[in-house]
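Hi everyone, thanks for coming. I'll take a few minutes to walk you through one chain, so please have a look at the screen.

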Amino acid sequence: KTFLMRLKKIAEEHNVAVVYTNQVSAKPDAMSFGPAFNAVGGHVLFHASTFRIQMKRGRAGMKVAALETSPCLPPSTAEVQVTSGGILDA
């Protein structure tokens with residue numbers, strides 16, 4: 001938690017974005033209630049982020065980026081392609 005608070009402070013002081021990932025694992029015993037995955041980083045990473053984007057498999061090598069949480073934008077999705085040169089809009 002302290003590390004994440006330091007990252008956030010550095011980002012605000014230097015006006016830069018900090019990107020971190022949170023691995024998820026499947027919950028095979030999950031019923032149809034709630035998400036079918038578990039965030040390995042737990043609630044600390046989940047609540048430390050300002051924007052939460054979940055990447056899902058799309059069609060033909062594409063990914064679906066789903067904006068789940070944002071202080072200023074509504075939830076939405078976009079199809080993107082992840083390449084060695086960066087993320088391309090589909």
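Let me start with how I sort residues: Ala, Val, Leu, Ile, Met, Phe, Trp, Tyr, Cys and Pro count as nonpolar, Asp, Glu, Lys and Arg count as charged, and the others, Gly among them, count as polar. By that sorting, the lining of the largest pocket divides into 20 nonpolar, nine polar and six charged residues.

Two housekeeping sentences before I go on. This is a predicted model, where local features need pLDDT of at least 70 and side-chain atom pairs count only at pLDDT 80 or more, while totals for chains, interfaces and linings use all residues. Residues are numbered from 1 along each chain as its sequence is written, and side-chain values use heavy atoms, with hydrogens and water left out.

Now the overall layout. The chain has two helices and six strands; these are DSSP runs numbered from the N terminus, with helices being H or I of at least four residues and strands being E of at least two. Along the sequence, the pattern reads α-β-β-α-β-β-β-β. Along the principal axes, the C-alpha atoms fill a box of roughly 40 × 35 × 25 Å. Of the 90 residues in the chain, 12% are buried, where buried means under 20% relative accessible area, exposed means over 50%, and partly exposed is in between (1.4 Å probe, protein chains only).

Back to that pocket. Its volume is about 1200 Å³. For the grid people here: on a 1 Å grid over the protein atoms alone, a pocket is an open set of points with protein on both sides within 12 Å along at least five of seven lines, and lining residues have an atom within 4 Å of a point. The points are joined across faces, edges and corners, and the volume is the space filled by probe spheres set on them. Which of the 35 lining residues are the closest to the centre? They are Y20, S49, F51, R52 and I53. At least two lining residues come from each of α1 (2–14), β2 (37–39), α2 (42–48) and β3 (52–57), and α2 gives the largest share, seven residues.

I53 turns up again on the surface, where I53, M55, V82 and I87 make a nonpolar patch of about 400 Å². Patch members have over 30% relative accessible area and no salt bridge; nonpolar side chains (Val, Leu, Ile, Met, Phe, Trp, Tyr) are joined within 5 Å, like charges within 9 Å. The areas come from the Shrake-Rupley method with a 1.4 Å probe, and for residues only the protein chains shown count as cover. V82 sits in strand β5 (residues 76–83) and is partly exposed at 49%.

Also in β5 is E79, whose side chain meets that of R59 in a salt bridge (3.1 Å, N to O). R59 is in the loop between β3 and β4 (63–69), so the pair ties together parts 20 residues apart in sequence. The structure holds one such bridge, meaning a Lys or Arg side-chain nitrogen within 4 Å of an Asp or Glu carboxyl oxygen. E79 is partly exposed at 24%, whereas R59 is exposed at 56%.

Last, some backbone angles. A60, in the loop between β3 and β4, is not a glycine, yet has a positive phi of about 45 degrees. N15, in the loop between α1 and β1, is likewise not a glycine and has a positive phi of about 55 degrees. A60 is exposed at 74%, and N15 is exposed at 73%.

Terms used: 1 Å grid on protein atoms, 1.4 Å probe; cavity = no way out; pocket = protein on both sides within 12 Å on 5 of 7 lines; lining within 4 Å.
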